[in-house]
Amino acid sequence: MSGTVYFVDDKYVNKENAFIHVNDIGLLRGYAVFDYLKTYFGKPFRLSDHIERLQNSARYIGLSIPYSNDEIKNICNELLNKNNFAESNIRIVVTGGVGTDSKSKGNPVLIVTCEPRILMNPEYYTDGIKLKTVEGSREISLSKTCNYIRAIDYLDEYRKLGFSEVLYVQNNKVLECTSSNAFLIKDNTIITPDTGVLMGITRKVIFEICEKFMSIETREVELDELLNADEVFISSTEREIMPVIMIDDKEISGGKVGEKTKRIHKEFIEYVKSLVWVEK
Ligand code: PLP
């Protein structure tokens, strides 16, 4: 098989031949979940965590994945071998399948795609990014469902105005961004919301690596607290740790990338380089 290879509905196929049925309720009704990870040094980063979260995402919406964690792990590793990119991004999607009508569950379909790594704009890290707040939340926050309808629309609107990410705020409480978790730093404490958000794998890694030199609080966060923080950053698989220097029209940390955020990102990179996370 030459060209990029995907896994769709029990088969390895060329990307050009990767299709699902137009009556899949993932498409018709948005009944689908996914997870997304990347490789470092060619190895899938925290693969078990991502697969476990995928299983949880499915459980939250009553979707049963007809593959064990080990089977999904093997498919991901097989795709990495077949595609052999220097670094990859892997997307694992499970759709509800084709039911007897457009409101019935069918046999879930597993899709795993593998593409060369996307590079972030390096200026995001040296100069920091701007966040736009909006009132709202994702519908089922603990589940990484395929419903990013609001996110797509907000990003289309606000990226044109120079905002890199959009932050959901509900009744003055900070939640998460469209595809990242949000954190503030006050004195030597990292504070991040504990409810109404996706349990990010990068968030989990940040907790693990930062507990030796900072305090960590997971709790409700008021918007005012975020706006008056010493530093603010966001985290995700794609972005790692990305500094925020402006929220709406309010400057954060004097409009400069904060030193503690820089240190957390540096520690994250050290952790990645240590390879202690590589799974057998
Ligand atoms: N919150 C949402 C809504 C997301 O979509 C994501 C990732 O895409 C995250 C948070 C960050 O999660 P992770 O660190 O596992 O990439």
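# Exercises on a predicted model

Strand S1, which covers residues 5-8, pairs with S2 in the antiparallel sense over four bridges. The structure is a predicted model, and the exercises below start from this pair of strands and move on to the ligand and to some single residues.

## Exercise 1: the sheet and its edges

Work out in which order the six strands of the open sheet follow one another, and which strands stand at its edges.

Solution. Begin with the order, which is S2-S1-S6-S5-S3-S4, with antiparallel pairing. Strand S2 (11-14) and strand S4 (43-44) stand at the edges, and because each has a single partner strand, one side of each is left without a neighbour in the sheet. Next, look at single positions in the pairs: Val5 stands opposite Asn14 in S2, and the bridge partner of Val33 in S5 is Val94. S3 and S5 are joined in the antiparallel sense over seven bridges, while two bridges join S3 to S4, which also run antiparallel. As a general background, strands of a sheet pair through backbone hydrogen bonds, either parallel or antiparallel. Finally, add the helix: H3 (residues 69-83) lies across S1, S2, strand S3 (32-40), S4, strand S5 (88-95) and strand S6 (109-116), and runs at about 35 degrees to S6.

## Exercise 2: the two sides of S3

Find out which residues of S3 point one way and which point the other way, and decide whether they are buried or exposed.

Solution. First recall that in a regular strand the side chains alternate between the two faces of the sheet. In S3, Ala32, Phe34, Tyr36, Lys38 and Tyr40 point one way, whereas Val33, Asp35, Leu37 and Thr39 point the other way. Then turn to the cover: nine of the nine residues of S3 are buried, a word that here stands for a relative accessible area under 20%.

## Exercise 3: the turn after S3 and what follows

Follow the chain from S3 through S4 to helix H2, and name the residues that have a positive phi although they are not glycines.

Solution. Start with the hairpin that S3 and S4 form, with two residues between them. Within the pair, Thr39 stands opposite Pro44 in S4. Phe41 is located in the loop between S3 and S4, and has a positive phi of about 55 degrees although it is not a glycine. Continue to Arg46, which is found in the loop between S4 and helix H2 (47-60) and has a positive phi of about 50 degrees, again without being a glycine. Such values deserve a remark, since most residues other than glycine have a negative phi. Arg46 has a relative accessible area of 9% and is therefore buried. To end this part, consider Lys43, whose C-alpha atom is separated by 6.8 Å from that of Val278, although the two residues are 235 residues apart along the chain. Val278 belongs to the segment after helix H8 (259-274), and its relative accessible area of 27% makes it partly exposed.

## Exercise 4: the surroundings of the ligand

Determine how many residues surround the ligand, and which of them are the closest.

Solution. The count is 17 residues, and the closest are Lys144, Tyr148, Ile201, Thr202 and Thr237. Go on to the distances between atoms: a polar side-chain atom of Glu176 lies 2.9 Å from a nitrogen atom of the ligand, a backbone N or O atom of Ile201 lies 2.8 Å from an oxygen atom of the ligand, and a polar side-chain atom of Thr237 lies 2.7 Å from an oxygen atom of the ligand. Of the 390 Å² of accessible area that the ligand has on its own, the protein covers 95%.

Now place two of these residues in the chain. Ile201 and Thr202 are among the buried residues of H6, a helix spanning residues 201-210 in which eight of the 10 residues are buried. Thr237 lies in the loop between strand S13 (231-236) and strand S14 (240-247). With a relative accessibility of 17%, Thr237 counts as buried, and its contacts, leaving out residues up to four places away in sequence, are Tyr36, Leu37, Lys38, His50 and Thr202.

## Exercise 5: a buried threonine in a loop

Describe where Thr178 is found and which residues Thr178 touches.

Solution. Thr178 is found in the loop between strand S9 (173-177) and strand S10 (181-186), and at 3% relative accessibility it counts as buried. Not counting residues up to four places away in sequence, Thr178 touches Tyr148, Ala151, Leu155, Glu165, Val166 and Tyr168. With Glu165 there is also a polar contact of 2.6 Å, which joins the two side chains.

Key
Residues are numbered from 1 along each chain as its sequence is written. This is a predicted model: local features need pLDDT of at least 70, side-chain atom pairs count only at pLDDT 80 or more; totals for chains, interfaces and linings use all residues. Side-chain values use heavy atoms; hydrogens and water are left out. Two strands pair if DSSP finds at least two bridges between them. Contact means heavy atoms within 4.5 Å. Axes are lines fitted to C-alpha atoms, for helices over the stretch in contact, and angles run from 0 to 180 degrees between N-to-C directions. A residue is near a molecule or strand if one of its heavy atoms lies within 4 Å of it. A polar contact is a pair of N or O atoms within 3.5 Å; within protein, one must be able to donate a hydrogen and the other to accept it, and residues adjacent in sequence count only if both atoms are side-chain atoms. Accessible areas come from the Shrake-Rupley method with a 1.4 Å probe; for residues, only the protein chains shown count as cover. Buried means under 20% relative accessible area, exposed over 50%, partly exposed in between (1.4 Å probe, protein chains only).
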